[in-house]
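Work through the exercises below with the structure open. Each task is followed by a stepwise solution.

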Amino acid sequence: MIRYALTGFRRLRLICRRMPPPWQEGALAKWGEALSALYILFILLPFVLICGPQGYLAITASKYNLFSAALCIYAALGLILLSMAWIKGGIWRKSPVFCYRGKIHGSISAIAAFLAAAFLSALCSDYQQIVWWGGGRYEGFFTLLSYGISFFLLSLWAKPRRIYVYALTFSMALNCLLAWAQFAGYNPLALYPQGYTYLDAHIRYSGEFLGTIGNADLFSAFFTLSIPILAVYGLRFTDDKLRWPVLATAAAATAVLLQAKVAAGLLALAVCFVAAVPLLYGKNKQWRWRWFACIAFVSILLAAAIFCFGENWDGFWGEFSQVLHGNIADDFGSSRILIWRESLALVPEHWWLGGGPDTLAVRLNLYFSRYVPESGLTLRSMVDCAHNEYLNDLVNLGLPAVLFYIAALLISAKDCVKRYREPAVMALGLGVFAYCIQAFFCFRLCITAPLFWLAWGILTACLQSREGRQEK
């Protein structure tokens, strides 16, 4: 697989050498695609795999710096290409590559509106010292703008390539190996501080940390996004000799996610599986309706069994049984119910513009503390996000921003359903779909958000290809 990746890099270099100047007719698309390829490969390999010299202690800052540097270079070079094409070639108006000919894809307009609403939220916020660059989470307006810029550029120039799947497979495989070593109590790459391991989670420190991603919820988000992409690629691209290693990596990643016991990721993959099977193998509508009827019947039986016998169970299934009985406690879902209630109480303060990007931590005075008999320590943690990406945006950015964001997702989903027979659309669409499900229980952070916006940008480029790039 490494040999194939190196071959891809060599081909990319040769393509760049042989390409005509960007101001010539039709050359801007090739330059933009090559530039996008370098950015995508950087995000999938160095960005994912590098944690910084301090490991998990400063992983957010390290990932943020890598992403910011990569995006600044990508955006600057992209602007130079566009300027050269415009000034020297005079093709600003007639280029089918820069100007979307015909109809702009709806998700692009919705994301532009989302960023405009986020800018107004930041501009009118009472926390001007936080909203632009963000607090400890680095999720200020400029970070949101960075996600949007990457989305716009990728939707303009990117194309799905096999080398991206190989790079993602390599990163996923390495994270699987690291996670298994951490499950066994080892500390590979010295990611944990000296003397700490994964087995000390919730005993000597709060939270869980895995792989080169860090927080277990974010680790699950990365796997939830990637597993459907690898699985669909391996099942649909039967002419690729490397599809078996890709499928094996997807299976190994699923096993790691099961061992990590992150319920949000497992739920997202289950829903994604239910949606994917009729798309992959259903040749007629009658078969699909039978499949969904079977799934509904099994789900009802499972819910009935949990309702009758699971009231005294521990963990997720016990909590689910309590919910079915109408008993919803604040500590359900790792206290997410309490966090959601406290976050929702902040919404009426600023319905339309929210408190400002990344301001929930300073508005929500919520802490958790727990005495651990095994270590004799009292672990204390502060809640700095709503643990629900959509609720978090509602509190921070206001109702219009959330509606624009959801509208962009729904527009992409509608077009994915129409063009699900295209392998790239199906793979990326299911990955984005699974990520959006787990985002209901997780949060946006610069560790995994660039990967989501990258996948969404390539997906939008695929959806845009027919309606926005055809020459007239």
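Helices here are DSSP runs of H or I with at least four residues, numbered from the N terminus. The model is predicted.

**Exercise 1.** Place Phe-309 in an element, then decide whether Phe-309 is buried or exposed.

*Solution.*
Step 1. Find the element: Phe-309 belongs to helix H11.
Step 2. Recall the cut-off: exposed means over 50% relative accessible area.
Step 3. Apply the cut-off. Phe-309 has a relative accessible area of 62%, so Phe-309 is exposed.

**Exercise 2.** Which residues form a nonpolar patch on the surface with Phe-309? Which elements give two or more residues to the patch?

*Solution.*
Step 1. List the members: Phe-309 is joined by Leu-302, Trp-313, Phe-316 and Trp-317.
Step 2. Take their area. Together the patch residues have about 580 Å² of accessible area.
Step 3. Assign the elements. Helix H11 (285-309) and helix H12 (315-324) each give two or more residues to the nonpolar patch.

**Exercise 3.** Find the cavities of 30 Å³ or more in the whole structure, and describe the largest.

*Solution.*
Step 1. Count: the search finds two such cavities.
Step 2. Size the largest cavity: about 140 Å³ of space lies in it.
Step 3. Inspect its lining. Of 15 lining residues, Glu-139, Asp-358, Asn-392, Asp-393 and Asn-396 are the closest to the centre.
Step 4. Map the lining to elements. Helix H14 (360-363) and helix H15 (389-397) are those that give two or more residues. H15 gives the most, with four residues.
Step 5. Sort the lining by class: six residues are nonpolar, three polar and six charged.

Technical notes
Residues are numbered from 1 along each chain as its sequence is written. This is a predicted model: local features need pLDDT of at least 70, side-chain atom pairs count only at pLDDT 80 or more; totals for chains, interfaces and linings use all residues. Side-chain values use heavy atoms; hydrogens and water are left out. On a 1 Å grid over the protein atoms alone, a cavity is a set of points where a 1.4 Å probe fits but cannot get out, and a pocket is an open set with protein on both sides within 12 Å along at least five of seven lines; lining residues have an atom within 4 Å of a point. Grid points are joined across faces, edges and corners, and a volume is the space filled by probe spheres set on the points. Ala, Val, Leu, Ile, Met, Phe, Trp, Tyr, Cys and Pro count as nonpolar, Asp, Glu, Lys and Arg as charged, and the others, Gly among them, as polar. Patches are made of residues with over 30% relative accessible area and no salt bridge: like charges are joined within 9 Å, nonpolar side chains (Val, Leu, Ile, Met, Phe, Trp, Tyr) within 5 Å. Accessible areas come from the Shrake-Rupley method with a 1.4 Å probe; for residues, only the protein chains shown count as cover. A salt bridge is a side-chain nitrogen of Lys or Arg within 4 Å of a carboxyl oxygen of Asp or Glu. Buried means under 20% relative accessible area, exposed over 50%, partly exposed in between (1.4 Å probe, protein chains only).
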